[in-house]
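Okay, thanks everyone, I'll keep this short. Have a look at the screen while I talk, and stop me if anything is unclear.

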Amino acid sequence: MGYDAVLVDTAGRMQDNEPLMRALAKLVHVNSPDLVLFVGEALAGNDAVTGFNASLAQYAGGKAPRLIDGVILTKFDTINDKVGAALNLVYTTGKPVVFVGVGQTYEDIRNLNVEHVVRALTG
């Protein structure tokens, strides 16, 4: 049909929702997307992302699991000096923060400003 992107919103239901994760793992496997991004709140912590990846792997049905390629962090404008959580997320998962959300509109989706993160950490 010529779509460049397909977004799947799990409406906050996460890795502890087995039927959802089974369906999502199947969707990812069947469609073989070019890019799988996890979207979560900046202060949610590593457990959400690592748990999501683990669930994708668990419910892959014996096939080689397709895991996330990167992360989009929402509410990034609210974390202030807690920016280290984002850095820890990258370190723990080995996946980049592709975009950050700093508001409520599409225009508020930005590339991660590494200089801002370094300034916040060394502040």
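So, the sheet. This is a predicted model, and in it four strands make up an open sheet, ordered 1-2-3-4, with mixed pairing. Which strands stand at the edges? Those are strand 1, residues 37-41, and strand 4, residues 109-110; each has a single partner strand, so one side of each is left without a neighbour in the sheet.

Now let's go into the middle. Strand 2, residues 70-74, and strand 3, residues 97-101, run parallel and are joined by three bridges. If you want to find the register by eye, Val71 sits opposite Val97 in strand 3, and Leu73 sits opposite Val100 in strand 3.

Stay on Val100 for a second, please. Val100 also stands opposite Arg110 in strand 4. Strand 3 and strand 4 are paired too, but here the sense is antiparallel, over two bridges. One general reminder while you're looking at side chains: in a regular strand they alternate between the two faces of the sheet.

Okay, on to the helices. Helix 2, residues 46-58, packs with helix 3, residues 84-93; the axes are 9 Å apart and the angle is about 25°. Angles under 35 degrees count as roughly parallel, so that's what we call helix 2 relative to helix 3. The crossing of these two is right-handed.

And which residues meet there? From helix 2 you've got Asn46, Val49 and Thr50, and from helix 3 it's Ala85, Asn88, Leu89, Thr92 and Thr93. Sorted by class, that contact has five polar residues, three nonpolar and no charged ones.

Methods
Residues are numbered from 1 along each chain as its sequence is written. This is a predicted model: local features need pLDDT of at least 70, side-chain atom pairs count only at pLDDT 80 or more; totals for chains, interfaces and linings use all residues. Side-chain values use heavy atoms; hydrogens and water are left out. Two strands pair if DSSP finds at least two bridges between them. Axes are lines fitted to C-alpha atoms, for helices over the stretch in contact, and angles run from 0 to 180 degrees between N-to-C directions. Angles under 35 degrees count as roughly parallel, over 145 as roughly antiparallel, 65 to 115 as roughly perpendicular and the rest as oblique. A crossing is left-handed if the near helix is turned anticlockwise from the far one by less than a right angle, and right-handed if clockwise. Contact means heavy atoms within 4.5 Å. Ala, Val, Leu, Ile, Met, Phe, Trp, Tyr, Cys and Pro count as nonpolar, Asp, Glu, Lys and Arg as charged, and the others, Gly among them, as polar.
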